[in-house]
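Okay, thanks everyone for coming. I've got one structure to walk you through today, so let's put it up on the screen.

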Amino acid sequence: MSMTSMVVLGLSIATVLLLLGAFLATLRRDGKGRTSAPPAEVAPVETPLPAPVSEPGYAGTDYTDPRTIRVGDRIEVHGSPARVLGAMHISWQGHEWTEYLLRDRTRRFQWLSVAVHAGDPPHLEVKLWTDVPTQGMVPAKSMLIMEGVEFFPIERGTAAFRSEGDTGHPERGLLDFADYRASDGRLLSFERIQGHSWTASYAQPLPPGSIAIVRRAS
């Protein structure tokens, strides 16, 4: 083999080697690019949504819980001061409620009833009762007329009670009652303690926050 042929052969081999090296380098770069995970995208931080507007307040947190009233407390009903003289704790067919005897600054007496009614969720019902002259009336089992208004029976029965403080009633006993409602929503209730004469009262439902305890009994 001549010197020229050897030189040409050497140059050819060198060229092939250079081309092969360049091709392999290209493959390595391409493989690295395909297997590398792309940069993770960072989600923008979102401002939390404001809390939804709350439902009407809850007794004991947003206003005075009337279930905490005690005999001897000084309270306000619609801003009018009154003193709690006594309480009657009443139970009927698994349902319990309390009636508080109040005396306001004019020395007028009224009853305040506090009851929790079943439901989802249970709801608190507070009523202020005002005496009605019955003139010897007795609760009928059907519709009756009081001061020109027709009232229809909704519930009646005999409940057990326990008195606390000054109520004018025995310490324990039985109470007959008969409740009525007019077409306009007005409530009327008859009560009789252990066979005594019937008394009647109109009910005024009180909205949340109507009761405030001014001073606790000592």
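**Strands, a serine and some salt bridges**

Let's begin with a pair of residues. Y180 has a bridge partner in β9, and that partner is L188. Just so we're clear, what you're looking at is a predicted model.

Now zoom out a bit from that pair. Strand β8 covers residues 172-182, and it pairs with β9 in the antiparallel sense, over seven bridges. The two strands make a hairpin with four residues between them. If you look in that turn you'll find G185, which has a positive phi of about 95°.

Okay, stay with L188 and look toward β10. Which residue is the bridge partner of L188 there? It's Y202. So L188 has bridge partners in two strands: Y180 and Y202. β10 is residues 199-205, and five bridges join it to β9, again running antiparallel. This is a hairpin too, with five residues between the strands, and here Q194 takes a positive phi, near 45°.

So what about β9 itself, residues 187-193: is it enclosed or not? Five of its seven residues are buried, so the rest of the structure largely encloses this strand.

Next up, S163. You'll find S163 in strand β7, which is residues 149-165. Is S163 buried or exposed? It counts as buried, because its relative accessibility is 13% and the cut-off for buried is under 20%. The S163 side chain makes a polar contact with the side chain of T167, at 3.5 Å. And if you ignore neighbours within four places in sequence, S163 is in contact with A87, M88, H169, P170 and E171.

Now for something on the surface. M143, I145 and F152 form a nonpolar patch there, and together they have about 260 Å² of accessible area. I145 sits in strand β6, residues 144-146. At 48% relative accessibility, I145 counts as partly exposed, since exposed needs over 50%.

Last topic: charges. How many salt bridges does a search of the whole structure find? Six. I'll show you three of them.

First on my list, D65 and R67. They form a salt bridge, with the closest N and O atoms 2.9 Å apart. D65 is buried, at 13% relative accessibility, whereas R67 is partly exposed, at 46%.

Then there's D104 with R108, where the closest N and O atoms are 3.1 Å apart. Here the aspartate, D104, counts as buried at 15%, and R108 is partly exposed with 44%.

And then K127 with E125, with 3.4 Å between the closest N and O atoms. In this pair the lysine is the buried partner: K127 has a relative accessible area of 13%. The glutamate, E125, is partly exposed, at 26%.

So, if you want to click around afterwards, here's where I'd point you. Go to L188 and follow its bridge partners, Y180 on one strand and Y202 on another. Then jump to S163 and find T167, its polar contact. And finish on the surface, with the patch of M143, I145 and F152.

That's it from me. Questions?

How values were computed. Residues are numbered from 1 along each chain as its sequence is written. This is a predicted model: local features need pLDDT of at least 70, side-chain atom pairs count only at pLDDT 80 or more; totals for chains, interfaces and linings use all residues. Side-chain values use heavy atoms; hydrogens and water are left out. Patches are made of residues with over 30% relative accessible area and no salt bridge: like charges are joined within 9 Å, nonpolar side chains (Val, Leu, Ile, Met, Phe, Trp, Tyr) within 5 Å. Accessible areas come from the Shrake-Rupley method with a 1.4 Å probe; for residues, only the protein chains shown count as cover. A salt bridge is a side-chain nitrogen of Lys or Arg within 4 Å of a carboxyl oxygen of Asp or Glu. Buried means under 20% relative accessible area, exposed over 50%, partly exposed in between (1.4 Å probe, protein chains only). Two strands pair if DSSP finds at least two bridges between them. A polar contact is a pair of N or O atoms within 3.5 Å; within protein, one must be able to donate a hydrogen and the other to accept it, and residues adjacent in sequence count only if both atoms are side-chain atoms. Contact means heavy atoms within 4.5 Å.
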